[in-house]
Amino acid sequence: MEKVKVAVNGYGTIGKRVADAIRLQPDMELIGVGKTSPNYEAIIADKKGIKIYTVKDNLGKFEKSGIRVAGTIEDMVKEADIVVDTTPNGVGATYKPLYQSLGKNALFQGGEKADVADISFSALCNYDEAKGKKYIRVVSCNTTGMLRIICTMNKISKVEKVRATIVRRAADPKEVKRGPINSIVPDPASVPSHHAKDVLTVIKGIDIVTMAVIAPTTLMHLHTMVLTVKNKVNRDDIINTFLNTPRIILVNSSRTTVSSTAEIIEVSRDMGRVRYDIPEVVVFEDSIYTNGNEVFLMYGVHQESIVVPENIDAIRASLGLMGKEESIKVTNDTLGIMKGYLL
Ligand code: NAD
C-alpha cells in the first residue's frame, strides 16, 4: 500500500501523540515534525529517529543543543501530502497561508477558531461530511467528549436538549507554570461557556447550554450532562449502546471500586498504556440515570489523548483514503482503543 506523507507541525502534548499514532498506521508515513524550541521533547523526537524541522531563525539553537535538524518547516510542508497542525492556540491560523500557498491539505486543532477550516470534525458525528475537505479542524478535547456522547445518544432517540457542566483540568501534567493550585474557578463566570458553541460547529441546531469551571487537577476533565431526548429511554438501552460503541468505555464503580479520575488514570498506568493515555470517553456507569425523557450521566475526558484518533480519521477523511467505518476500525485497532468496560 502506498503511504500518504504526513507532517506534524508543533510537537507538544497533542503533536507528539499524533506523530506516534501516524507511525502506527498502515497507510501513513510520518515525514517529520515541526518544532520551534530545542527542549526535551525535541531531544526525545531526535532519539526516536523522527526528522525535526524548525524555523530559519532557530536553526542555530538546535545545532547548539546537538539536535539534528532536517530543514525548515517550509521544507517539511513541501514534502507532505497533508499537515497536522498541532501548534499552540491561534498559531495554527498563522500557518494557514503557508499550507495554502503550497497547496497542501491541513488539519487544525480545537484551539483555533472554527473559521480556520472548511469543517469542524468529530469522527462519530460527521466523518462523511468531512470527506475531501482541504482544511479540517479537529474540535477540542471537551467538545470531542461531548460530541461522542451526544451523537451516540442520538442513535437511541433524537437529542433535543443538552445541559452540561465541564469541570476542566487546570493544566496538563507538564505545564509547570499554570494554576490554580487552591481554587475552583468559573471558566468563565458568565454562562454559557464556549463549549456549547463549539458543539454547534459539528451538529447544528441542537439546544445546548454549557457551564465550565477549572479545578486544580492535571489528570482528566469531568463532565456532568443532562440530555433531553425525544422518546422515553431505558437505562439498559443506553448502557448497551455505549458498550457497543468504540471510543466510549464504561466504568462500574460499585463492582470495580474505580470511582474517580485519579483511579481511572491509575488503571491505565497499571494496564501499561503508553503515557497512561485514555483516548476513550470514560462513562461512570453508576451515574447513568433516566427520568422520563431525561438522561443524566458523568464521564471523564483524558484531555491529552482523546483527540488523537480523531486526527488520524480526519487525515483519511480529508484525503479520501477510507470510508468512515473502515477508518475508525483501523485507527482503533492500531491504537488499541477499547470498547465495553474499562475493567
Ligand atoms: P503544546 O504547547 O503542548 O504544544 C505546542 C507545540 O508547538 C510546542 O512543542 C511548541 O514548541 C510548538 N510551537 C510553538 N510555536 C510554534 C511555531 N510557530 N511553529 C511550530 N511549532 C510551534 O500545545 P498542545 O496542548 O499540544 O495544544 C496544541 C493544540 O491542540 C491547541 O490548539 C490546543 O487547543 C489543542 N488541544 C490541546 C489539548 C490539551 O489538553 N493539551 C487537548 C485538545 C486539543
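**Close-up views of a predicted model**

**View 1. Ring pairs join four aromatic residues.** Tyr95, Tyr99, Phe108 and Tyr135 are linked into a cluster by ring pairs. The model is predicted. Five aromatic pairs are found in the structure. One of them joins Tyr99 and Phe108, with ring centres 6.0 Å apart. The planes of Tyr99 and Phe108 meet at 45°, so this pair is tilted. A tilted pair falls between the stacked class, under 30 degrees, and the edge-to-face class, over 60. Tyr99 is buried, at a relative accessible area of 0%. Phe108 is buried too, with 0% relative accessibility.

**View 2. Charged side chains sit over tyrosine rings.** Lys96 places its charged end over the ring of Tyr135. The distance from that end of Lys96 to the ring centre of Tyr135 is 4.6 Å. Tyr135 is also a member of the aromatic cluster, with Tyr95, Tyr99 and Phe108. A second view shows Arg255 over the face of Tyr341. Here Arg255 lies 5.2 Å from the ring centre.

**View 3. Helix α7 runs from residue 141 to residue 156.** The helix holds 16 residues. At 1.5 Å a residue, α7 should span 22 Å. The expected span counts one less than the number of residues. The end C-alpha atoms of α7 are 24 Å apart, which agrees with that expectation. Most of α7 is covered. Of its 16 residues, 13 are buried.

**View 4. Cys141 carries an active-site annotation.** The label "active site" comes from an unreviewed UniProt entry and covers Cys141. Cys141 lies in helix α7. Is Cys141 buried or exposed? The relative accessible area of Cys141 is 15%. The cut-off for a buried residue is under 20%, so Cys141 counts as buried. Leaving aside residues up to four places away in sequence, Cys141 touches five side partners by name: His221, Val301, Gln303, Ile306 and Val307.

**View 5. Two domains meet in the protein chain.** Domain 1 is built from two segments, 4-138 and 307-332. Domain 2 covers 141-306. Between the C-alpha centres of domain 1 and domain 2 the distance is 26 Å. How many residues of each domain are in contact with the other? Domain 1 contributes 26 residues and domain 2 contributes 21. Cys141 falls at the start of the domain 2 range, 141-306. Among the residues that Cys141 touches are Ile306 and Val307. Residue 306 ends the domain 2 range, and residue 307 begins the second segment of domain 1.

Conventions
Residues numbered from 1 in each chain as written. Predicted model: local features only at pLDDT ≥ 70, side-chain atom pairs only at ≥ 80, totals over all residues. Heavy atoms only, no water. Phe/Tyr/Trp six-rings, centres within 6.5 Å; stacked < 30°, edge-to-face > 60°. Buried < 20%, exposed > 50% of the residue type's maximum accessible area, 1.4 Å probe, protein only. Lys NZ or Arg CZ within 6 Å of the ring centre and 35° of its normal. Helix = DSSP H or I, 4+ residues; strand = E, 2+ residues; numbered from the N terminus. UniProt positions renumbered as here; feature names shortened; annotations may be inferred. Contact = heavy atoms within 4.5 Å. Domains from an automatic or database assignment.
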